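Work through the exercises below with the sequence and the model side by side, and try each task before reading its solution.

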Amino acid sequence: MSIRIIGTGSYTPDRILRNSDLEKMVDTTDEWITSRTGIKERHIADKDTPTSELAKQAALRAIEMAGIQPEQLDLISIATATPDTIFPSTACVLQRKIGAVNAACYDLVAACTGLIYSLEVAYSLLKAFPRKYRYALVLGADKLSSIVNWEDRSTCVLFGDGASAVVLYNNMENDQPDFVVESKIGAAGIYADLLSMPAGGSAKPASHETVDQHLHCIQMSGKELFKLAVAGLVDSCKEVLTVSGISAEEIAWVIPHQANMRIISAAAQRLDIPVERVYVNIEKYGNTSAASIGICLDELCRGGKLKKDDCVLITAFGGGLTWGAMLIRW
Ligand code: COA
């Protein structure tokens with residue numbers, strides 16, 4: 001039995017919002033955004049394009065690369081903090097859109113760590129129940145533009161929309177090692193208030209007041225998050241490397257969640273990983289939340305930059321707080 005990634009896909013909307021456009025919307029500058037975050041532009045979906053539509057485009061690309069039909073999927077696991085609706089799940093909406101009629105479907109919320117959580121859960125299901133689950137579609141998809149307060153300069157410059165997908169396959173006739181070498185996911189609910197969308201759930205159902213107070217938008221304490229983010233990335237990566245016995249020199253690529261270039265640089269430095277082996281595309285997309293790592297992985301894969309058996313370390317942190325690292329064998 002061998003569980004491997006057999007397809008990747010990603011999608012970002014065509015519309016690009018540049019720093020120069022944001023200069024006209026809020027009191028900010030290209031220089032401030034670039035120097036504090038590394039972001040130059042981000043892709044923004046149309047108002048009437050939901051997360052499931054972004055996910056659909058990424059899913060179709062991953063399925064095509066995998067060379068399978070949607071009916072063969074046994075599972076759809078979507079990480080998203082911006083579902084089309086609270087229910088039905090975005091995974092069920094996607095199932096209908098791509099015709100994956102045989103798949104069990106669920107959404108999972110771990111904010112920007114979502115794809116790593118989603119991979120961990122789907123991989124575990126394939127491993128535990130090989131006769132039930134052979135093909136899984138695992139996605140991270142977010143339309144953060146739908147929950148950004150476009151008058152708040154401290155958050156609106158950071159985020160973009162996108163989706164990414166991978167297809168996992170459990171090959172029962174093969175005894176190669178699985179794609180997961182080692183992984184670690186964690187959470188600290190005590191920091192829940194540092195990054196949240198306070199209203200719209202059962203704690204604060206939508207009302208005129210919640211709308212007036214922008215409580216359906218992202219609220220963030222950037223400075224506190226910054227420090228916790230670096231620690232979350234570094235500690236989870238160190239644990240995965242120690243437990244797996246794989247050294248930093250053996251890693252072909254590190255793919256960190258793309259939230260802030262300064263967070264990425266600080267984490268890489270502490271892990272002693274040279275910048276040439278850290279994949280970064282934050283300048284083009286900003287922080288696409290659960291989609292970010294998968295977009296990087298797809299770019300690496302389609303760019304021919306991954307060789308068989310390369311070790312790729314993916315790592316993220318996000319609202320919750322949540323964090324995680326997964327060492328992948330390509
Ligand atoms: N343009 C211009 N000035 C801005 C600005 C913007 N877009 N946003 C904030 N500022 C101002 C602040 O008001 C503050 O002004 P003041 O000193 O007069 O009060 C100043 O810039 C510095 O703000 P500060 O919050 O200290 O900046 P920072 O260096 O911490 O950078 C973040 C802010 C948000 C970029 C940074 O804290 C960060 O990236 N944090 C992590 C956020 C994150 O990753 N979130 C997602 C988690 S998945």
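The exercises that follow treat a sheet and its helices, the nonpolar cores, the aromatic pairs and one helix residue.

The model is predicted, so local features need pLDDT of at least 70 and side-chain atom pairs count only at pLDDT 80 or more, while totals for chains, interfaces and linings use all residues. Residues are numbered from 1 along each chain as its sequence is written, and side-chain values use heavy atoms, with hydrogens and water left out.

**Exercise 1. The open sheet**

Determine in which order the four strands of the open sheet are arranged, and which helices pack on the sheet.

Step 1: Helices (H or I, at least four residues) and strands (E, at least two) are taken as DSSP runs numbered from the N terminus, and two strands pair if DSSP finds at least two bridges between them.

Step 2: The order is β8-β13-β12-β11, with mixed pairing. The edge strands, each pairing on one side only, are β8 (180-187) and β11 (253-256).

Step 3: Strands β12 (residues 311-318) and β13 (residues 322-329) run antiparallel to each other and are joined over eight bridges; Gly318, for instance, has Thr322 in β13 as its bridge partner.

Step 4: Helix α8 (residues 222-244) packs on the sheet and touches β8, β12 and β13, where contact means heavy atoms within 4.5 Å. The direction of α8 makes about 145° with that of β12, the axes being lines fitted to C-alpha atoms (for helices over the stretch in contact) and the angles running from 0 to 180 degrees between N-to-C directions.

Step 5: Helix α11 (residues 292-302) also packs on the sheet, touching β11 and β12, and its direction makes about 150° with that of β11.

**Exercise 2. The nonpolar cores**

Find where the largest nonpolar core lies with respect to domain 1 and domain 2.

Step 1: A nonpolar core is a set of buried Ala, Val, Leu, Ile, Met, Phe, Trp, Tyr and Cys residues joined through side-chain atoms within 4.5 Å; buried means under 20% relative accessible area, exposed over 50%, and partly exposed in between (1.4 Å probe, protein chains only).

Step 2: The largest core has 31 residues, and those with the most contacts inside it are Leu119, Leu168, Phe179, Ile255 and Ile314. Helix α5 gives the most to this core, with six residues.

Step 3: Because domain 1 (2-171) and domain 2 (180-329) both give residues to this core, it lies between them; the domain bounds come from an automatic or database domain assignment.

Step 4: Leu168 is in contact with residues including Leu119, Tyr123, Tyr135 and Phe179. A second, separate core of 26 residues includes Leu54, Ala55, Ala100 and Val167.

**Exercise 3. Two aromatic pairs**

Classify the pair Tyr123 and Phe179, and then the pair Tyr135 and Tyr169.

Step 1: Rings of Phe, Tyr and Trp (its six-membered ring) pair if their centres lie within 6.5 Å; planes under 30 degrees apart count as stacked, over 60 as edge-to-face and the rest as tilted. The structure holds four such pairs.

Step 2: The rings of Tyr123 and Phe179 have centres 5.4 Å apart and planes at 80°, so this pair is edge-to-face. Tyr123 lies in helix α5 and Phe179 in the loop between β7 and β8, 56 residues apart.

Step 3: Tyr123 counts as buried at 13% relative accessibility, and Phe179 is buried at 0%.

Step 4: Tyr135 and Tyr169 are stacked, 4.5 Å centre to centre with 10° between the planes; both residues are buried.

**Exercise 4. A helix residue**

Decide whether Thr90 is buried or exposed.

Step 1: Thr90 is found in helix α4 (residues 90-98).

Step 2: Because its relative accessibility is 0%, Thr90 counts as buried.

How values were computed: Lists of a residue's contacts leave out its neighbours within four places in sequence.
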